[in-house]
Amino acid sequence: MTPTIPFGDLRSQYRAIKSDIDAAVLRVLDSTQFVLGDEVAAFEREFASYCHTSDSIAVNTGTSALQVALLAAGIGPGDEVITVPFTFVASVAAIEYTGARPVLVDIDPVSYTMDPAAIEAAITPRTRAIMPVHLFGQPADMDPILDIARRRGLVVVEDAAQAHGADYNGRRCGSMGDLAGFSFYPGKNLGAYGEGGGVTTSNAEFARKIRLLRSWGEETRYEHLVRGFNFRMDGIQGAILRVKLRHLDAWTAARQSRAARYRDVLAGSEAVLPAVRPGSTHVYHVFAVRLPNRDAWRAHLGEQGVQTGVHYPVPVHLQPAYADLGYGRGAFPVAEAVAGEVLSLPLYPELTDAQIDRVGDVMRAGLPRR
Ligand SMILES: *Cc1c(COP(=O)(O)O)cnc(C)c1O
């Protein structure tokens with residue numbers, strides 16, 4: 001029996017940086033700065049610099065990051081925010097948490113990100129913001145989106161939860177919109193050892209509002225300037241993220257070289273490979289191929305010891321929980337077709353050449369006749 005190729009492997013990465021991580025955690029324990037504190041403040045400065053923004057604000061999850069980004073821009077009940085159905089549900093949930101209504105538009109069939117040509121038709125007098133998602137680590141097509149937003153006076157909040165370090169025409173994800181939300185969930189390209197999230201912005205007023213919102217509206221203890229939340233980041237997560245940020249570019253380069261090897265070994269297979277938009281970099285949070293008989297492939301690869309994922313099998317508008325958004329089957333044909341065919345192959349910096357070659361061998365051999 002050939003050994004299983006796991007879909008993810010956080011243990012190998014921890015082992016490679018264990019001494020630095022352990023020292024960082026012990027430093028926080030010794031300081032007793034368990035919530036926010038110096039390590040989180042230092043991480044905020046370092047992450048802002050990494051994202052080419054003047055500020056970043058660390059919070060407890062990526063979902064909260066998107067929520068407070070929207071709130072800081074003044075979005076709330078009665079407003080509409082445009083996003084996509086082919087994303088993790090948190091993009092849509094974060095809009096609803098502000099009291100605003102999510103309005104969905106279809107994706108582009110090549111990049112799987114927001115189709116800029118679909119935006120204008122979705123704009124109403126209530127539209128206040130556009131939230132493109134840099135899905136799988138590929139930047140959304142930001143220039144036309146920013147152009148529509150400028151002409152229509154709309155705010156742009158990037159959902160950059162999957163796109164740490166990805167670039168679009170020389171600009172970095174997190175720096176193109178008015179605000180952006182990142183997730184540091186453990187499996188993300190920059191992951192904490194627990195929950196974490198962050199907002200990036202170069203607008204000092206937005207940054208100040210977000211610092212208030214994430215910690216009960218306080219600038220001075222027990223003086224509540226606005227009604228806020230407990231969305232603070234743990235000190236331990238900040239210290240861990242500082243260590244990991246120093247490795248992020250090397251890990252991204254490793255993901256890109258793993259993706260390049262997949263392109264070689266999958267040539268001649270049935271799989272439609274992920275497209276990279278000219279002028280953009282893809283940081284491969286997910287390496288999703290497209291296969292008409294996806295479910296049969298998933299079962300076959302599983303039997304051959306290759307673990308796979310599906311991101312995402314059901315678009316948000318067809319989820320039972322979001323039926324009351326009011327979109328039926330057929331509302332977003334591209335999202336629906338793509339959701340039925342995408343298959344995520346294992347891809348992480350520690351994946352070996354031999355493992356990739358083995359996936360290629362299985363895929364080039366084709367599905368067995370049953
Ligand atoms: C992970 C993710 C989120 C939410 O982040 P959490 O840290 O899990 O709250 C939002 N949007 C997208 C596209 C994501 O992948």
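Mentor: Start with a definition: a helix here is a DSSP run of H or I, at least four residues long, numbered from the N terminus. Note too that this model is predicted.

Trainee: In which helix does W251 lie?

Mentor: Look for the run that contains position 251. Residues 248–266 form one helix, and W251 falls inside that run. The helix is α8.

Trainee: Is W251 buried or exposed?

Mentor: The cut-off for buried is under 20% relative accessible area. W251 has 11%, so its class is buried.

Trainee: How far apart are the C-alpha atoms of W251 and P349?

Mentor: Along the chain, these two residues are 98 residues apart. In space they also touch, and W251 further contacts Q13, I17, K244 and E350, leaving out residues up to four places away in sequence. The separation between the C-alpha atoms of W251 and P349 is 5.5 Å.

Trainee: How is the protein chain divided?

Mentor: There are two stretches to find. One runs over 10–245 and the other over 248–365. They are domain 1 and domain 2.

Trainee: How many residues of domain 2 are in contact with domain 1?

Mentor: Begin with the centres: the C-alpha centres of the two domains lie 24 Å apart. Then take the contacts. On the domain 1 side, 47 residues take part. On the domain 2 side, the count is 35.

Trainee: How many residues of helix α7 are buried?

Mentor: Helix α7 covers residues 235–245, which is 11 residues. Among those buried are G235, G238, A239 and K244. Their cover includes α1 (10–31), α2 (38–50) and α8. The helix is mostly covered, and its buried count is nine.

Trainee: What is the relative accessible area of E39?

Mentor: E39 is found in helix α2. Beyond four places in sequence, E39 is in contact with R27, V28, Q33, G235, G238, A239 and R242. Three of those names, G235, G238 and A239, are also listed among the buried residues of α7. E39 is itself buried, and its relative accessible area is 13%.

Trainee: Which element supplies the largest share of the largest nonpolar core?

Mentor: This core has 44 residues, and I82, F86, Y112, M114, I119, I130 and F136 touch the most other members. At least two residues each come from α4 (90–97), β3 (101–104), α5 (142–152) and α10 (333–339). The largest share is five residues, and its source is α5.

Trainee: From which domains does this core draw at least three residues?

Mentor: Compare the bounds: 10–245 and 248–365. The core takes at least three residues from each of them. The names are domain 1 and domain 2.

Trainee: How many residues are in the second, separate core?

Mentor: That core includes I57, I75, A129 and V157. Of these, A129 is touched by I82, and I82 belongs to the largest core. The second core is nonetheless separate, and its count is 25.

Trainee: Which residue has a polar side-chain atom 2.6 Å from an oxygen atom of the ligand?

Mentor: Of the 14 residues around the ligand, G62, T63, D159, S183 and K188 come nearest. D159 has a side-chain N or O atom 2.8 Å from a ligand nitrogen. Q162 places a polar side-chain atom 2.8 Å from a ligand oxygen. The 2.6 Å distance belongs to S183.

Trainee: How much of the ligand's accessible area does the protein cover?

Mentor: Take the ligand on its own as the reference. Alone, the ligand has 380 Å² of accessible area. The protein covers 93%.

Notes. Residues are numbered from 1 along each chain as its sequence is written. This is a predicted model: local features need pLDDT of at least 70, side-chain atom pairs count only at pLDDT 80 or more; totals for chains, interfaces and linings use all residues. Side-chain values use heavy atoms; hydrogens and water are left out. A nonpolar core is a set of buried Ala, Val, Leu, Ile, Met, Phe, Trp, Tyr and Cys residues joined through side-chain atoms within 4.5 Å. Buried means under 20% relative accessible area, exposed over 50%, partly exposed in between (1.4 Å probe, protein chains only). Domain bounds come from an automatic or database domain assignment. Contact means heavy atoms within 4.5 Å. A residue is near a molecule or strand if one of its heavy atoms lies within 4 Å of it. A polar contact is a pair of N or O atoms within 3.5 Å; within protein, one must be able to donate a hydrogen and the other to accept it, and residues adjacent in sequence count only if both atoms are side-chain atoms. Accessible areas come from the Shrake-Rupley method with a 1.4 Å probe; for residues, only the protein chains shown count as cover.
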